[in-house]
Every structure is written in C-alpha cells, then in structure tokens.
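User: I should like to understand how the descriptive terms used for a protein model are justified. Could we work through them one at a time, setting each value against its definition?

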Amino acid sequence: MMENLRAAANHVALKIILALIILSLILTGVGNYLIGGFGDYAAKVNGQVIERAQLEQVFQSERQRMQQQLGDQFSVLAGNEGYMQRMRQQVLSQLIDNMLLAQYAKKLGLSVSDEQIKNAIRKTHYFQTDGQFDNAKYLDLLGSMGYTADDFAQSMRKQLVNQQVIQAFGESVFMLPAESQAMAALLLQQRDVRLAMIDLSALQAKQNVSDDELKAYYQQNQNSFIAPEQIKVSYISIDAVSMQDKVKVSDADISAYYDRHKSSYGQPERKNYSVIQLKTEKEANAVLSELKKGGDFAILAKEKSTDIISRSTGGELGWLEPETTADELKEAHLTEKGKLSSVVKSSIGYLIVRLNDIEPEKMKPLSDVYETIAKQVRQEKALDAYYALQQKVSAAATSNNESLASAEEVAGVKAAQTGWFTRESIPAVLNFKPVVQSIFDGSLIGENGAPGSNSDVISVEGDRAFVVRVTTHKAEGIEPFDQVKDRVAERVKHNKALEKAKLQGEQLLVELKQGKGDEAMKAAGLSFGSVQKMVRASEDNPLVENLFALPHPQEGKPVYGMSQDRQDNVVLIALDVVKPGSLPADEMKNFVSKMEQSAASGTFYSLLASLRKDAKIKMGAAEQYQPQ
C-alpha cells in the first residue's frame with residue numbers, strides 16, 4: 001500500500017496537493033490568518049509552529065462540544081480550573097500528535113485531493129438531512145463550533161491524511177486461524193470454582209492491643225504519620241480577558257491597524273494551469289504538434305495524459321499561488337493567458353503546460369475584515385492595559401511588603417483568602433506551576449511560620465497573573481502519637497488479624513490437599529460456597545490472577561489454592577473444572593477483527609511514541625507552566 005501511495009505521489013497534481021497540505025500546516029489555517037496570538041506560539045514540533053490562536057480555537061471548539069453534550073453538568077466542570085487546564089493540555093497534546101502524523105504522512109508521500117475532502121464532508125451524517133447533504137445545516141454547525149468553511153476543510157484534510165496512516169497499520173496486522181482459536185480458548189477460558197472466605201473484619205474486631213504495642217508500632221512507622229506542610233495565602237488575580245470589556249476600539253483604530261498590516265489581507269497573484277503528462281519526449285512532441293494545429297487540450301489530456309488525477313478534469317489543475325506551484329510548471333515560463341509551453345522534461349516524464357488564466361494580486365477591502373480586526377485591536381489594547389497594570393501592581397506589592405493593601409488599591413480589587421491547603425490539595429484557582437512553586441519554595445514564609453514578603457507578579461497561562469502573600473504556615477512534621485492513636489490501633493489490629501487469617505488459611509490448605517479438609521473446615525466454621533463460573537477479568541484482581549494461575553484439575557479431583565480479595569480477606573479456592581473458551585464462527589470473525597484492531601492500535605501508538613521520542617518538541621512560554 002505504501003509503495004503504491006509513494007508512486008502515486010509522482011503525479012504533478014499530487015505534488016500540488018502536497019504543497020497545499022504543507023502550506024496549510026505552516027499556516028494556522030485559512031481562517032486564522034487574521035487571528036494571530038500575542039507574539040507567542042503554543043508549541044514547535046520539529047521546527048513547525050502550532051500557534052496559540054490555533055490552540056485557542058480548537059480548545060474553544062472542544063469546550064463548546066462538551067457544553068452541548070453535557071449541558072448544565074459542564075458548568076460544574078468548567079468551574080474547576082484544574083480540569084480545564086488538563087483539557088487544554090489534552091487538546092495541545094492532540095495537536096502535537098496530529099502534526100507529527102502529518103509530518104510522517106508527508107514523508108511517506110500520502111495526500112488527499114480536494115474532491116476527497118468534499119466527498120467526506122458530504123458523507124458526514126451531522127451535515128445531512130434525510131440522508132442528503134444539507135449545506136445550510138453544514139454552515140450553521142460550523143458557525144456554532146467557531147469554524148469557517150476553509151478552516152474545517154483544512155482540518156478534514158489533516159484527518160483524512162492521518163486516517164491513511166492509521167489504515168496502513170490496520171492492514172498490516174493479521175492472525176492465523178490456529179492463533180485466533182488458541183487465543184479465544186485462553187482469553188475466554190471459564191473456570192468452575194468454589195470459595196470459602198476467612199472474614200478479616202470479624203477477626204480484627206476480636207483483636208486486643210496494648211498501649212505498648214501501639215507505641216512500638218508508632219515508633220517503628222513514624223514516616224507513615226507525617227502531616228504535610230500546610231499553608232494559607234491571600235492573593236490578587238488579574239487577567240487580560242476581563243479587560244477587553246473595558247477598552248474602547250474606534251473606527252480610526254481599526255483603519256490604522258488595517259493600513260499597517262495591509263500585506264496580511266492580500267491575495268498573491270494566482271495562475272490557472274492545465275497539463276498533459278507523457279512518458280516519452282516523442283509522444284510529447286506529437287501531442288504538442290496536434291495542439292498547435294488546433295487540437296482540443298482537454299480532449300487530448302483525457303485521451304493521452306498519464307497523470308490519472310488531472311486527466312479526469314481535462315488536464316486542469318485549478319488556481320495556484322506561487323507557494324503551491326510545482327517546479328515543473330514554473331519551468332514552463334508561461335506569462336500570457338492561453339499560451340502553450342514547449343515540451344518540459346521532468347523527473348516523471350514529459351509535460352506540456354498551458355496557462356489558462358491569470359488573476360492579479362488583490363487586497364481584501366476593510367469592510368470584509370472589519371470585525372476580525374476589531375477583535376484583534378481589542379485584544380491588543382486589553383493586553384497592553386494588562387501589562388501596564390502588572391507593572392503598577394508589582395511596584396505596589398514591592399513597595400509595601402507588610403500587606404497586600406497597596407496592591408489591592410492599584411488593582412482595584414480585594415485580595416482573596418484561602419483556607420488551609422497542602423501540595424496535594426492546591427485550590428483550583430491557584431493551581432499553576434509557577435504559582436505553586438512560589439508558594440512552597442520558602443521565599444514567602446517568615447520565621448516560625450510568620451507571614452513573609454509579598455510575591456512579585458507571577459504570570460501564568462492565558463494572560464493571567466497573581467500576587468500572593470503567605471498569611472499562615474505549618475511546617476511538615478510527624479503527627480503526635482495522641483492525635484493518631486486510633487489510626488495506629490486500627491493498623492495494628494488489622495495486621496494481627498491478617499497474620500492469623502493467613503496462618504489459618506495455610507493450615508486449612510494443607511489439610512485440603514491431604515484429603516482431610518472436610519473436618520478441618522467444619523472445625524473452623526467454614527465451608528465452600530456454591531459453584532461460580534469465573535472468567536478472566538481485565539481489571540487488576542489478585543483473586544482472579546491467582547485462580548487462573550492454578551493448574552488444571554484431574555477429573556473429579558479439585559485443585560486447591562489460597563488468595564486474598566480486594567478487602568484483604570483470605571480466600572480458599574477449590575478449582576473443579578477448566579473449560580477452554582470458544583466462539584461460534586460468526587462471533588469468531590468479530591473476535592479476530594477486534595484482536596487485529598487491538599494489535600494495530602498498539603503498533604500505531606508505538607509509532608506515535610517513537611515519533612514523539614525522535615521529535616524536537618518545544619513548548620511556548622505560556623504552555624511550559626501548565627500543571628501536568
């Protein structure tokens with residue numbers, strides 16, 4: 001499959017499509033030309049940039065999708081800052097994976113045509129009404145997700161290319177019939193067992209412990225009773241987003257921005273080419289001769305061109321910008337509409353090129369980009385105001401280190417106060433790596449836990465910043481015996497009960513294996529329950545693991561074993577029958593398919609892990625401080 005795809009990439013049309021893909025990856029998407037971030041990027045993957053604007057757009061789309069899916073429940077999640085940060089990290093991680101796959105697909109020569117993209121969009125059931133593509137529905141849904149049609153087409157192109165990579169791995173995995181039968185017999189194996197449980201809680205309730213035992217256990221296990229460092233803080237929070245409602249944007253501001261950035265709103269010169277590709281120079285000269293005698297270019301392209309993609313359109317390649325024009329077309333040196341090239345030699349054969357039309361460079365009028373520029377200017381003004389406020393708050397917090405009063409006055413807000421928290425229970429609003437580091441590195445704590453200095457302004461992701469003051473501090477330390485005595489007593493009783501239960505279980509197991517188990521079990525007040533049919537469990541369950549590790553029983557002679565359940569109860573096992581798993585033919589086909597998919601997924605994720613390992617991935621300044 002890969003060889004065929006690589007061979008197909010030699011066609012001129014595919015080279016142009018690949019150039020378009022490369023350009024779309026270098027840029028952040030057609031709809032993002034005007035939305036640039038604040039001079040920072042989200043990540044660089046092998047030197048290729050994922051813009052913050054792109055991350056924000058995908059993050060907001062995912063947020064809207066979850067909001068539509070979860071309704072009111074999403075409001076609770078959105079109020080958890082830590083959850084939203086993790087969701088943002090997952091979105092960025094997916095963007096990085098997509099870029100790695102796109103780079104890998106480019107290396108393999110994989111590509112997707114515009115027509116394939118259109119067909120994929122038409123077949124998406126979300127955009128259909130009564131089984132037919134509904135353009136109005138399509139545009140409404142894109143608008144609700146914050147996409148333009150160009151944005152979505154570029155996103156679909158990347159998805160389809162990635163699917164080709166995934167499909168290639170799926171087609172490379174297969175299982176032999178004997179392997180699948182053996183796997184089904186093992187994985188679907190069923191074991192008939194009877195269980196007898198020694199109740200740990202009942203034994204624990206009967207245990208007596210002395211103060212000396214408790215104190216001895218406490219002395220030997222003091223590291224198990226350490227109270228973590230605890231802190232209370234006051235903090236002031238400022239952010240750029242909240243300032244957008246306070247800034248004013250005039251028509252003059254928008255016009256001035258447009259004038260300064262006119263090059264960003266232009267479309268370069270475009271040319272529309274048609275091409276006929278032939279194997280030999282002789283064939284090419286023959287076709288060129290026919291064209292000069294008045295032959296129809298489109299008809300000759302359909303009849304004689306070896307380029308399977310452009311042949312279907314009569315040789316036409318569509319409108320191309322300089323960045324997406326193949327070198328072979330540039331070498332034709334065509335500058336006038338309707339002109340034919342001479343025979344052009346290339347690495348894939350011989351070409352005859354015609355320049356169908358030229359569209360000169362043009363500018364988008366201000367009216368077309370007015371709202372986009374207004375949004376950009378508002379963001380920039382808010383960011384300027386945010387940085388200016390940062391400096392004022394920083395100066396106030398530094399000049400008055402006895403409290404946050406001066407910083408409060410400058411910021412125009414009252415400082416918030418937290419309750420006690422530890423490194424493991426950071427309040428969501430403060431759960432940013434640089435903030436946590438500042439709080440717990442000791443620089444804000446005075447002598448004997450007294451308040452120390454105010455922090456400087458701490459900038460975090462999302463153009464937000466904090467000034468923090470530690471108000472109260474408790475150092476890490478061993479909890480006093482009197483405070484943990486009850487917990488110590490429970491642990492000591494539990495350990496004593498578990499030791500007795502294991503000893504009793506081992507003694508009974510010996511008796512069972514010697515054929516004297518009935519009397520011993522009766523004397524212990526235990527009996528095996530009714531037969532249970534057990535299968536392998538996917539979750540980590542020590543009882544099931546030990547059960548399936550027992551040897552197969554001989555007919556009429558159970559095999560005995562001992563294990564523990566999730567509650568630490570000691571469990572005696574009587575294994576009576578082992579039945580190999582099996583499936584009907586129709587279900588076996590589905591089973592084999594799932595096993596092959598699982599193997600393919602494993603291979604695919606190994607590929608992703610390898611691509612990440614070999615890649616040079618650099619996070620942008622704002623993304624480096626996200627909690628992991």
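Analyst: Certainly. The model is predicted, and strand β9 is a suitable place to begin: 9 of its 9 residues are buried, so β9 is largely enclosed by the rest of the structure.

User: What makes a residue of β9 count as buried?

Analyst: The term requires under 20% relative accessible area. Arg270, Asn272, Ser274, Ile276 and Leu278 point one way from β9, while Lys271, Tyr273, Val275 and Gln277 point the other way, and all are buried. For the protein of 628 residues, 41% count as buried.

User: How do you know that β9 is paired with β12?

Analyst: Two strands count as paired if there are at least two bridges between them. Strand β9 (residues 270-278) and strand β12 (residues 349-359) are joined by 9 bridges, and they run antiparallel; therefore the requirement of at least two is met. Within this pairing, glutamine 277 stands opposite leucine 351 in β12, and leucine 278 stands opposite tyrosine 350 in β12.

User: Which sense of pairing links β9 to β10, and over how many bridges?

Analyst: The sense is antiparallel, over 4 bridges, with β10 covering residues 316-320. Here asparagine 272 stands opposite tryptophan 319 in β10.

User: What joins β11 to β12?

Analyst: There are 3 bridges between strand β11 (residues 344-346) and β12, which run antiparallel. Valine 344 has leucine 351 of β12 as its bridge partner. The two strands form a hairpin, with 2 residues between them.

User: Why are β14 and β15 said to stand at the edges of their sheet?

Analyst: The open sheet consists of 4 strands in the order β14-β7-β16-β15, with antiparallel pairing. β14 (416-417) and β15 (458-460) each have a single partner strand, so one side of each is left without a neighbour in the sheet. For β14, 2 bridges provide the link to strand β7 (residues 230-239), and alanine 416 in β14 is the bridge partner of tyrosine 235.

User: Which helices lie against this sheet?

Analyst: Helix α17 (residues 366-399) packs on it, touching β7, β15 and β16 (464-474), and its direction makes about 30 degrees with that of β16. Helix α19 (residues 433-440) lies across β7, β15 and β16, running at about 150 degrees to β15.

User: What makes α19 "mostly covered"?

Analyst: The count is 6 buried residues of its 8. The buried residues in α19 are Pro434, Val435, Val436, Ser438, Ile439 and Phe440. Their cover includes β7, β15 and β16. After α19 comes glycine 442, whose phi is positive, near 95 degrees.

User: Why is α13 called roughly antiparallel to α14?

Analyst: The axes of helix α13 (residues 281-292) and helix α14 (residues 297-304) come within 10 Å and cross at roughly 155 degrees. Angles over 145 count as roughly antiparallel, and therefore α13 is roughly antiparallel to α14. The crossing of α13 past α14 is right-handed.

User: Which residues meet there, and how is their contact classed?

Analyst: Val287, Glu290 and Leu291 in α13 meet Phe297, Leu300 and Lys304 in α14. By class, this contact has 4 nonpolar, no polar and 2 charged residues.

User: How many helices and strands does the protein have?

Analyst: The protein has 23 helices and 21 strands. Among its contacts with a separation of 6 or more, 74% are accounted for by residues 24 or more positions apart.

Conventions: Residues numbered from 1 in each chain as written. Predicted model: local features only at pLDDT ≥ 70, side-chain atom pairs only at ≥ 80, totals over all residues. Heavy atoms only, no water. Contact = heavy atoms within 4.5 Å. Axes fitted to C-alpha atoms, helices over the stretch in contact; angles between N-to-C directions. Parallel < 35°, antiparallel > 145°, perpendicular 65-115°, else oblique. Left-handed = near helix turned anticlockwise from the far one by under 90°. Nonpolar A, V, L, I, M, F, W, Y, C, P; charged D, E, K, R; others polar. Buried < 20%, exposed > 50% of the residue type's maximum accessible area, 1.4 Å probe, protein only.
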